[in-house]
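Let's take a friendly walk through this model. Keep the 3D view open and turn it as you read.

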Amino acid sequence: MSTFLGLPTAPAGVGHLRQTEPFPRAARRALADTQLRRNLGKATGHIRAKRAAVVAELPDWEELRAAGQAIKARTMAHLDLYLDQLEAAVQARGGTVHWARDATEANAIVTRLVHHAGADEVVKVKSLATDEIGLNDALAAAGIAAYETDLAELIVQLGHDRPSHILVPAIHRNRAEIRDIFVREMGDVDPALTDDPAALAEAARRHLRRKFLSATVGISGANFAIAETGTLCVVESEGNGRMCLTLPETLITVMGIEKVIPTWADLSVFLQLLPRSSTGERMNPYTSMWTGVTPGDGPQAVHLVLLDNGRTAALADPVGREALHCIRCSACLNVCPVYERTGGHAYGSVYPGPIGAVLSPQLTGVEDNASLPYASSLCGACYEACPVKIDIPSLLVHLRARHVEERRRLVPSAEAVTMAAASWVMASPGRFAAAQATGRAGRLLSRRGAISRLPPPLAAWTGARDAPVPPAQTFRQWWASREKGNGA
Amino acid sequence: MTGRTEVLRRIRLALSNSAGSEPGPGENGGSTAGAARADSYRLHGDVTGAALLDLLASRLTDYRALVRRATAATLADEISAALARRGVRTVVVPPGLNVPLPTFAAVTVDDGQSAADLDAFDVVVTAAAVAIAETGTIVLDGAPDQGRRAISLVPDYHLCIVTSGQVVHLVPEAIQRLADSAGRPLTWISGPSATSDIELERVEGVHGPRTLEVILVT
């Protein structure tokens, strides 16, 4: 395996990408929340079954995955050319293209565009890129109110909460919790509202209808941008996307540079892979595509903000680069035994789950998200589920190696010190016997046949697993007593 | 240094670390889908004729769209029955739509109404560009018989007339047919507005039209 050291070509991304505490500590708190585990178990179990059923319908699913992988690899290898082509095509159709080196620059560009449009509020389509850069906070600081219109994003925004899933940011909330948030925060909702999902969807429709009909600026992300034609594509379910993309006078789309795809024909592949992997549907209810400005139809001022924010740093690692192939379907989250138990908040970044564990550390530099490459049992379910065949387990191992290499240059690890000590002990029979006698003292630490907390420096081992209790006698003691007992 | 110059510089530096073995734009016939054809996913369907329409109807119904079948001779009756059944009084249509509409409804031809005006109509009636049987999808491409995007979005009931010649089996066939429309605003519709955001269970009826009805004309 080639080892990639450092970030020679590009600075790290900023925004909502970093852990504030190591994954094991955050995970322990999440695991103690039984309501959270019930909500996640139910939702991910449901979506796993739906996905499996619609994937099984397609005889050429594996061929589509291979095609998706090939298109993405080709795109990354010539990313500069495709972005150049995309920019020219969008401009030729009357759109304006902006380039943002990082989150701060992207936020400044969008804020300036909203001010220029003379608006003090905007309607937003769910967009991970704008979550990543913390756009809503930046707009609020500039006196602009941003209204999330995707149902799950609305639940998160009204609940003063953070997203915890790529597709369904409020997956950690159940219907009763959502009902309570609506009644408490919407202001215009009937207190007799039930927790029937249809009634909750109706409440969201009423709440946002007036906003949609009066908004002058819409902000979106993009699922795909076609270099050949300059066409942008948003895939959604509720129709909030169509509202935001169609009714305002000004449309601003913030898109990571890795979202470009080369040709119109490439959509044949991704529009089959994405819906089936994401919501487990043959096709999502609504997909919108637009190319620059169309006179008399939709926004007449169309902007595209191309965002780096650490992506070129990931691109510089020829192995790690594969994480940029992600089409944000969330299938890897839904099949992950770790995600299913901890939920998304434990990962600290807007990109949680298996793909987040390989993407976030590359966007920020591994040291800033050092525990994420270890937040996995390497079971491989994510690789099997990934519609573009990202080999997430291998990427996790690759990033662990990068982390170890970077640490090795600084201080020896507890593991290295322990191994050196063990080598010294095992080199002499006398020292080994003495160590075993000391080890039996470990029985004093045991409860119910296991040791769940060792003293430092061994505490790191028991932080995530139990240590077995040392037996009452060693093998050598047992052998000696057996020989005596037999009188042999 | 501008953002553009700097981001492109970073990309070129990042890529200079790895050998460029992947074919670039314009190579391999310029189509990456073509380059990926070694993987041989299906480009052409194998369902035709009545079976193709049956598949489309069943997939539409599966995602809670309403489906009616008609011939050129019965189209007027089917449209009338559909609108009457839902108590429609006001209809908005795109300027180029050429289908028989019942006299009991007041028909307005779109000439740039505001979103608030569109919200007051009971139904929008449009044609379509392409329909995909395998996924139960209808595609609008903004042609004169389909109109601008807002009219098929704001009214709560969308009645869409699809003719048998517009139906294809697979997604790649639809992409191919739409290649000439790629510059126009496209809306792909698969059933009525829905959400899976509450416990990942699908619920129909959020912001888009809560009723989608399709008349398949043979």
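The report below starts with chain A as a whole, moves to the helix of chain B, and then visits some helix pairs and loops.

## Chain A at a glance

Before we go further, please bear in mind that this is a predicted model. Chain A carries 22 helices and twelve strands. Its C-alpha atoms fill a box of roughly 105 × 55 × 50 Å when taken along the principal axes.

How much of chain A is buried? Of its 488 residues, 53% are buried. As for contacts in chain A with a separation of 6 or more, 76% of them link residues 24 or more positions apart.

## The helix of chain B and what covers it

Now find helix α1 of chain B, which runs over residues 3-15. Its 13 residues should span 18 Å at 1.5 Å a residue, and the end C-alpha atoms are indeed 18 Å apart, so the two values agree. Which residues of α1(B) are buried? They are B:Val7, B:Leu8, B:Arg10, B:Ile11, B:Ala14 and B:Leu15. Because these residues cover an arc of only 155 degrees around the axis, they sit on the same side of α1(B).

Chain A helps to cover them: among the elements over the buried residues of α1(B) are α3 (61-77), α4 (79-92), β1 (96-100) and α13 (311-315) of chain A.

One of these covering elements, α4(A), deserves its own look. This helix has 14 residues and reaches 20 Å from its first C-alpha to its last, close to the 20 Å expected at 1.5 Å a residue. The buried residues of α4(A) are A:Leu79, A:Tyr82, A:Leu83, A:Gln85, A:Leu86, A:Glu87, A:Ala89 and A:Val90. After α4(A) comes A:Gly94, which has a positive phi near 90 degrees.

## Three helix pairs in chain A

Start with α3(A), which packs with helix α12 (residues 267-278) of chain A at about 120 degrees, the axes being 9 Å apart. The two helices are therefore oblique to each other, and their crossing is left-handed. On the α3(A) side, the residues that meet α12(A) are A:Leu64, A:Arg65, A:Ala67, A:Gly68 and A:Ile71. Their partners in α12(A) are A:Val269, A:Phe270, A:Gln272 and A:Leu273.

Next, how do α9(A) and helix α10 (residues 197-214) of chain A pack? Their axes are 10 Å apart, at an angle of about 30 degrees, so α9(A) and α10(A) are roughly parallel to each other. This crossing is left-handed. The contact is made by A:Arg175, A:Ile178, A:Arg179 and A:Phe182 of α9(A) together with A:Pro197, A:Leu200 and A:Ala203 of α10(A). For the third pair, look at helix α16 (residues 353-364) of chain A and α18(A), whose axes come within 10 Å and cross at roughly 40 degrees. That angle makes α16(A) oblique to α18(A). Here α16(A) contributes A:Pro354, A:Ile355, A:Ala357, A:Val358 and A:Pro361 to the contact, while α18(A) contributes A:Ile392, A:Leu395, A:Leu396 and A:Leu399. The crossing of α16(A) and α18(A) is left-handed.

## Loop residues to pick out

Two loop residues have a positive phi without being glycine. A:His160, with phi near 50 degrees, is one of them, and A:Lys389, with phi near 55 degrees, is another. A:His160 lies in the loop between α8 (151-158) and α9 (175-185) of chain A. Is A:His160 buried or exposed? It has 8 other C-beta atoms within 10 Å, so A:His160 is exposed. A:Lys389 is found in the loop between α17 (381-385) and α18 (392-408) of chain A. With 19 C-beta neighbours inside 10 Å, A:Lys389 counts as partly exposed.

Finally, look at A:Asn223, in the loop between β4 (217-220) and β5 (224-226) of chain A. This residue is buried because 26 other C-beta atoms lie within 10 Å. Leaving aside residues up to four places away in sequence, A:Asn223 touches A:Cys233, A:Val234, A:Val235 and A:Leu274. A:Asn223 and A:Val234 are eleven residues apart in sequence, with their C-alpha atoms 5.3 Å apart in space.

Key
Residues numbered from 1 in each chain as written. Chains lettered and ligands numbered in written order. Predicted model: local features only at pLDDT ≥ 70, side-chain atom pairs only at ≥ 80, totals over all residues. Helix = DSSP H or I, 4+ residues; strand = E, 2+ residues; numbered from the N terminus. Expected span 1.5 Å × (residues − 1). Buried ≥ 20, exposed ≤ 12 C-beta atoms within 10 Å, placed from the backbone. Arc of directions from axis to C-beta. Contact = placed C-beta atoms within 7 Å. Axes fitted to C-alpha atoms, helices over the stretch in contact; angles between N-to-C directions. Parallel < 35°, antiparallel > 145°, perpendicular 65-115°, else oblique. Left-handed = near helix turned anticlockwise from the far one by under 90°.
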